[in-house]
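Biologist: Before we talk, could you put the model on the screen, so that we can go through the ligand and the backbone together?

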Amino acid sequence: MKLNLKEDVITLAIESSCDETSVSVLKNGRQVLSNIINSQIEQHKKFGGVVPEVASRKHIENINEVISQALKEANVTFDDITHVGVTYGPGLVGALLVGLSAGKAIAFAKEIPLNGVNHIEGHIYANFIDHKNLKPPFICLIVSGGHTHLVYMKDYGEYEMIGRTRDDAAGEAFDKVARALGLGYPGGPQIDKLAKEGNPDAINFPKAYLEEGSYDFSFSGLKSAVLNYINTQKMKGLEIPVADVAASFQKSVVEILTEKAVKCAVQKGVDRVVLAGGVAANSGLRTHLKLECDKNNIDLKYPSLTLCTDNAAMIGCVAYYDYIKGLSSNLDLNAIPNLKIGDRN
Ligand code: KG4
Ligand code: ZN
């Protein structure tokens, strides 16, 4: 593909991997002209989590309207779009297919390139939108509802996986503990809020460090310990100190994430850590990680709150960097629910 990069590149990006229908228009990868996020949280709340069939149906209902809104807010038409970026994994297959089909239809009709994007990479690239001079290499801690990864990002699109969760993702642990405390869905923000009123040293929940030198994570033991604590209190007819449980649980998660991320940067001799994903919105994690990075002369970057959770602008940023490398996807691109970071189709 021969590119004329003297002209502005306008990206239309679509994200529908879970419970947000989002469409964004970007100029030259990092300037967001619009970023419409239609959240389905209200629809899923009553079930205590995302119901895949409901998510797919809602995406179908919303997608055309969200595309129109994004174009309108950016003050562009389909004719101004240079290429389309769309999430094709990981995520819920039915949900992914809605955005992917819309993206392919636009690329086909307007005869413009299609760039399939890995959702996890999108979370990392959210940082490039907020921090205009940021570039790789750096260590990235990606903590979302579905993933917990420690990655060495060498260059755009080049990753070395250093550690990952062996069971629950960090966000999943937040959501499950919140549910047990009766805090509703999504649990992360509720625990974050309550933790501010509680004592983080009230209950000593375990932290799994795993084998010496391992950068993997495990949150299922911690989650079980919290659930056991809640059940024991209930059985004894004792009150559950909800704010203390939230604060003590959050402290364990934050300390283990921070310790491994900082140790990894020090050992690799990398002086920058980048935080990404929904749990990157956690105020306890932002504060503690910043403190430990400062102590070790490591620069820390994290995205603004809107760009931490799922949105299409971050997807458009990945699509842009792929596009200027001359990469594009075929129109037979399929949704890949378990797509791994670094995989390209
Ligand atoms: O990245 P994301 O929007 O979706 C996935 O790709 O999974 O992350 C959603 C996750 C949920 O588990 C939610 O509870 C968590 O991010 N989350 C938080 C906070 N805000 C969102 N977890 C802890 N503290 C927060 N403030
Ligand atoms: Zn996400």
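Biologist: Between which domains does ligand 1 lie, and why?
Modeller: This is a predicted model, and the values that follow were computed from it. The shell around ligand 1 takes residues from both domains, so the ligand lies between domain 1 (10-125 + 308-324) and domain 2 (137-303).

Biologist: Which pocket does ligand 1 take up, and which elements give two or more residues to the shell around it?
Modeller: The space that ligand 1 takes is the largest pocket. Two or more residues of the shell come from each of these elements: α4 (119-130), α5 (170-180) and α6 (187-195).

Biologist: Which element gives the most to that shell, and how do the shell residues divide by character?
Modeller: With four residues, α6 gives the most to the shell around ligand 1. By character, the shell residues divide into three charged, five nonpolar and 11 polar.

Biologist: Which residues come nearest to ligand 1?
Modeller: There are 19 residues around the ligand, where a heavy atom within 4 Å is what counts. Of these 19, the ones that come nearest are His123, Gly145, Asp175, Asp192 and Asn282.

Biologist: How far is an oxygen atom of ligand 1 from the side chains of histidine 119 and histidine 123, and how far from the backbone of glycine 278?
Modeller: For histidine 119, a side-chain N or O atom is 3.1 Å from an oxygen atom of the ligand. For histidine 123, the corresponding side-chain distance is 3.0 Å. In glycine 278 a polar backbone atom takes part, and its distance from an oxygen atom of ligand 1 is 3.0 Å.

Biologist: How much of the accessible area of ligand 1 does the protein cover?
Modeller: On its own, ligand 1 has 550 Å² of accessible area. The part of this area that the protein covers is 88%.

Biologist: Where are the cis peptide bonds that involve proline 90 and proline 137?
Modeller: Most peptide bonds are trans. The bond from glycine 89 to proline 90 is cis, with omega near -15 degrees, and proline 90 lies in the loop between β4 (83-89) and α3 (93-110). The bond from proline 136 to proline 137 is also cis, with omega near 10 degrees, and proline 137 is found in the loop between α4 and β6 (138-143).

Biologist: What is the phi of glutamate 111, and is its sign positive or negative?
Modeller: Most residues other than glycine have a negative phi. Glutamate 111, in the loop between α3 and β5 (114-118), is not a glycine, and yet its phi is positive, at about 55 degrees.

Note on methods:
Residues are numbered from 1 along each chain as its sequence is written. Chains are lettered from A and ligands numbered from 1 in the order in which they are written. This is a predicted model: local features need pLDDT of at least 70, side-chain atom pairs count only at pLDDT 80 or more; totals for chains, interfaces and linings use all residues. Side-chain values use heavy atoms; hydrogens and water are left out. A polar contact is a pair of N or O atoms within 3.5 Å; within protein, one must be able to donate a hydrogen and the other to accept it, and residues adjacent in sequence count only if both atoms are side-chain atoms. Accessible areas come from the Shrake-Rupley method with a 1.4 Å probe; for residues, only the protein chains shown count as cover. On a 1 Å grid over the protein atoms alone, a cavity is a set of points where a 1.4 Å probe fits but cannot get out, and a pocket is an open set with protein on both sides within 12 Å along at least five of seven lines; lining residues have an atom within 4 Å of a point. A molecule sits in a cavity or pocket if more than half of its atoms lie within 2 Å of its grid points. Ala, Val, Leu, Ile, Met, Phe, Trp, Tyr, Cys and Pro count as nonpolar, Asp, Glu, Lys and Arg as charged, and the others, Gly among them, as polar. Domain bounds come from an automatic or database domain assignment.
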